[in-house]
Amino acid sequence: MEKQGVIKLEGVSKGYGNNLILNEFNLNINKGEFLTIIGSSGCGKTTVLKLINGLLTPDSGKVHVNGEDISVVNQIQLRRKIGYVIQGVGLFPHMNIRKNISYVPNLTKKDDKSKIAAKALKLIKVVGLSEDMLDRYPSELSGGQRQRVGLARALASSPDILLMDEPFGAVDEITRKLLQEEILRIYKELNVTIVFITHDIKEALKLGTRVLVMDKGQIIQVGAPTEIMENPKTDFVRELIGA
Ligand SMILES: Nc1ncnc2c1ncn2[C@@H]1O[C@H](COP(=O)(O)OP(=O)(O)OP(=O)(O)O)[C@@H](O)[C@H]1O
Ligand SMILES: [Mg+2]
């Protein structure tokens, strides 16, 4: 029996105006995978992520999440099941860190106030920050700290899918390494499916259980890190891995 894909894009085309970005794009992501996506700037990576969580709708083709066609499911419910760490962090500047992290739980009201407070406290520690950060505002944090808060906020709705768009860009090498360890720990602990965009090939190969190489809206190669390393399919991939 074919393993049930938790995320499935079938013949998806998407353009902006006359500019076609994805043409009959197909992708199947299995439950529990950590898929890293790498490719040139503007090739359509963010577009793929936004199609998965319904922020964008395909011009044609279908997107399935957890076996459901997302064009017919409630969009708000869908997005609450999917954690999304956006390119450039995107914290709410007028809310302190506690409120940022608790944003979705406060909206859904599935938990009472004390539970939500306990969750914020737990998550700030999960991403390796201290409790006293909760009362600060985003402008009072470093770039790397803000990225950790972005991750904590995405985890707050206990998603089973985590979409991360260059979450560790714009931090120094040391912080990046720490964040990588953190996300691997969270991945193993929470048993989530992760789709992670990066521009750093070392990061893509280190974190991914599968690596997807994209160029101009097309999948050039997708496979396990060792496969990409040992059998780069095209010059583009060879160049990327520096072979
Ligand atoms: N809302 C929009 N309107 C028009 N064009 C857009 C829009 N969003 C994206 N594009 C264009 O679509 C293409 C793909 O964009 P996308 O954001 O998916 O790229 P990306 O692979 O994530 O790039 P980067 O690595 O720079 O983040 C780009 O050429 C971009 O300029
Ligand atoms: Mg992008």
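This section describes the surroundings of ligand 1, the two largest pockets and one strand hairpin in a predicted model.

The shell around ligand 1 comprises 13 residues, and those that come nearest are Ser-41, Gly-42, Lys-45, Thr-46 and Thr-47. By class, the shell holds eight polar residues, three nonpolar residues and two charged residues. Helix H1, which spans residues 45-52, is the element that gives the most to this shell, with three residues. Contacts to oxygen atoms of the ligand involve both backbone and side-chain atoms of the protein. A polar backbone atom of Gly-42 is 2.8 Å from an oxygen atom of ligand 1. In the case of Lys-45, a polar side-chain atom is placed 2.7 Å from an oxygen atom of the ligand. For Thr-46, the distance between an N or O atom of the side chain and an oxygen atom of ligand 1 is 2.7 Å. The ligand taken alone exposes 640 Å², of which the protein buries 60%.

Pockets were computed over the protein atoms alone. The largest pocket encloses about 460 Å³ of space. Its lining consists of 17 residues, and Arg-79, Tyr-84, Tyr-103, Val-104 and Arg-153 lie nearest the centre. Four elements each supply at least two residues of this lining: helix H2 (75-81), strand E6 (82-85), helix H4 (103-108) and helix H6 (143-155). The lining of the largest pocket divides into 10 nonpolar, four polar and three charged residues.

The second largest pocket has a volume of about 210 Å³. Among its 15 lining residues, Arg-80, Val-104, Thr-108, Lys-110 and Ser-157 lie nearest the centre. Two or more residues of this lining come from each of H2, H4 and helix H5 (113-126). Six of the lining residues of the second largest pocket are charged, five are nonpolar and four are polar. Val-104 is thus listed among the residues nearest the centre for the largest pocket and also for the second largest pocket. Helices H2 and H4 likewise contribute to the lining of the largest pocket and to that of the second largest pocket.

Turning to the hairpin, strand E9 (residues 210-215) and strand E10 (residues 218-223) run antiparallel and are joined by five bridges. Within this pair, Val-213 is placed opposite Gln-221 of E10. The hairpin has two residues between the strands, and Lys-216 adopts a positive phi near 45 degrees.

How values were computed: Residues are numbered from 1 along each chain as its sequence is written. Chains are lettered from A and ligands numbered from 1 in the order in which they are written. This is a predicted model: local features need pLDDT of at least 70, side-chain atom pairs count only at pLDDT 80 or more; totals for chains, interfaces and linings use all residues. Side-chain values use heavy atoms; hydrogens and water are left out. Two strands pair if DSSP finds at least two bridges between them. A residue is near a molecule or strand if one of its heavy atoms lies within 4 Å of it. A polar contact is a pair of N or O atoms within 3.5 Å; within protein, one must be able to donate a hydrogen and the other to accept it, and residues adjacent in sequence count only if both atoms are side-chain atoms. Accessible areas come from the Shrake-Rupley method with a 1.4 Å probe; for residues, only the protein chains shown count as cover. Ala, Val, Leu, Ile, Met, Phe, Trp, Tyr, Cys and Pro count as nonpolar, Asp, Glu, Lys and Arg as charged, and the others, Gly among them, as polar. On a 1 Å grid over the protein atoms alone, a cavity is a set of points where a 1.4 Å probe fits but cannot get out, and a pocket is an open set with protein on both sides within 12 Å along at least five of seven lines; lining residues have an atom within 4 Å of a point. Grid points are joined across faces, edges and corners, and a volume is the space filled by probe spheres set on the points.
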